[in-house]
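Biologist: Hi, could you walk me through this one? I'd like to talk about what is inside and what is outside.

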Amino acid sequence: MSDPYNAPPVNPLPPVVLLLFAAIALPELAFTLGAQGWIGGAEAVGWRLAAVQQYGFSGDLFDWMLSNGRWIPEHLKRLVTYSFVHNSFTSALFSTVLMLALGKLVGETMGQVAVVVLYFGGSVFGAFIYGLLLNDPTWLVGGFPAVYGLIGGYSFLMWQKLADAGQQQLRAFSLIAMLMGIQLVFGVFFGPSTLWVADLAGFVFGFGASVLLVPGGLARVLHHMRRD
C-alpha cells in the first residue's frame, strides 16, 4: 500500500506533455532573451522573424505545391514545425498554459499516444485546411491549432460523459464556444483575422479522432445517435 504522506501534492505531468512544453518553451526563451540583448548579440533580435520564415506555415507555398503537384519535404515539415514558433511571448504563454492543462487531462484519460495524435494531428489538419480554403499571405505560426486538437479530445470526453449521464450534450462544447467568442472580440478591437480557421479545423480533427482513440468511442457514438 502506498504511503499517502509521500504522495505528490499534484499528479505529475505525462512525459509527452513535458516534451511538448520543452519544445515550445526553449525556442521562446531564446527569442525573448535574444530580443532583450542578453544572448546572441545584435543578430539575436532577428531570431524570431528568421524562425517564422524557416519554420512557419505559408499558405502561398502550400498553394504553389498544390498547383504544381510538388510536395517538397522542406516545406511539408512546416505543417508541424509552425506550432513551435510564436509571434510573441504572450502568444507562447497562452498556448503553453492551455497545452499543459489539456495535455495533462487527455494524457491521464486517453493515454500519451492520444496526446501525440491530437496535438500533431490538429497542427497538420489545421494548417492543411487553412492553406486549402484561404488565400491569406499571413504566416501561420503558434501552437493554437495543435492545442485545439487537444480541446477536441477534451470536448469528446465531456460529450461522452454528459451523454452517459443523460444531460445536455451541448455543454461539452462550452470551452470551444468561449474561445471562439474571445477570438471574435479580439477581432473587433484589433482587426479581423483568418487564423481562427486553422484553430477550428484543429478542434474538428481532435473531436473526430477521439471517436477512434477512446476505446469503444465509435460504438458509443452510434448508440447515442440511434437513441436520439
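Biologist: Which residues of helix 3 are buried?

Modeller: This is a predicted model. In helix 3, which spans residues 59–68, the buried ones are Gly59, Phe62 and Met65.

Biologist: And why do they count as being on the same side of helix 3?

Modeller: Because the arc they cover around the axis is only 125°, they sit on the same side of helix 3. There is a general reason behind such patterns: an α-helix has 3.6 residues a turn, so residues three or four places apart point the same way.

Biologist: What covers the buried residues of helix 3?

Modeller: The cover includes helix 4 (73–76) and helix 7.

Biologist: Let's zoom out. How many helices and strands does the protein have?

Modeller: There are 11 helices and 0 strands. Of the 228 residues, 40% are buried.

Biologist: What about contacts along the chain, how much is long-range?

Modeller: Taking contacts with a separation of 6 or more, 77% are between residues 24 or more positions apart.

Biologist: Nice. Now the largest nonpolar core: which members touch the most others?

Modeller: That core has 31 residues, and Met99, Met110, Val115, Tyr119, Leu150 and Ile151 touch the most other members. At least two residues each come from helix 1 (15–35), helix 6 (89–110), helix 7 (112–133), helix 8 (144–164), helix 9 (174–190) and helix 10 (196–213).

Biologist: Which helix gives the most to this core?

Modeller: Helix 8 does, with 9 residues. Apart from this core lies another one of 12 residues, including Phe62, Leu79, Ile129 and Tyr130. You met Phe62 earlier as one of the buried residues of helix 3.

Biologist: Back to Met110: what is it in contact with, beyond its neighbours within four places in sequence?

Modeller: Met110 contacts Leu118, Gly153, Leu157, Ser210, Leu213 and Val214.

Biologist: OK, outside now. Which residues make the nonpolar surface patch?

Modeller: Leu66, Trp71, Leu76, Phe125, Phe128, Leu132, Leu133, Trp196, Leu200 and Val204 make it, and the patch is about 870 Å². Helix 7 and helix 10 each supply at least two of its residues, and helix 7 gives the most, with 4.

Biologist: Is Leu133 buried or exposed?

Modeller: Leu133, which lies in helix 7, counts as exposed because its relative accessibility is 59%, and the cut-off for exposed is over 50%.

Biologist: Last one: how much area does the protein expose?

Modeller: About 12600 Å², with carbon and sulfur atoms supplying 69% of it.

Methods
Residues are numbered from 1 along each chain as its sequence is written. This is a predicted model: local features need pLDDT of at least 70, side-chain atom pairs count only at pLDDT 80 or more; totals for chains, interfaces and linings use all residues. Side-chain values use heavy atoms; hydrogens and water are left out. A nonpolar core is a set of buried Ala, Val, Leu, Ile, Met, Phe, Trp, Tyr and Cys residues joined through side-chain atoms within 4.5 Å. Buried means under 20% relative accessible area, exposed over 50%, partly exposed in between (1.4 Å probe, protein chains only). Contact means heavy atoms within 4.5 Å. Patches are made of residues with over 30% relative accessible area and no salt bridge: like charges are joined within 9 Å, nonpolar side chains (Val, Leu, Ile, Met, Phe, Trp, Tyr) within 5 Å. Accessible areas come from the Shrake-Rupley method with a 1.4 Å probe; for residues, only the protein chains shown count as cover. A salt bridge is a side-chain nitrogen of Lys or Arg within 4 Å of a carboxyl oxygen of Asp or Glu. The arc is that of the directions from the helix axis to the C-beta atoms.
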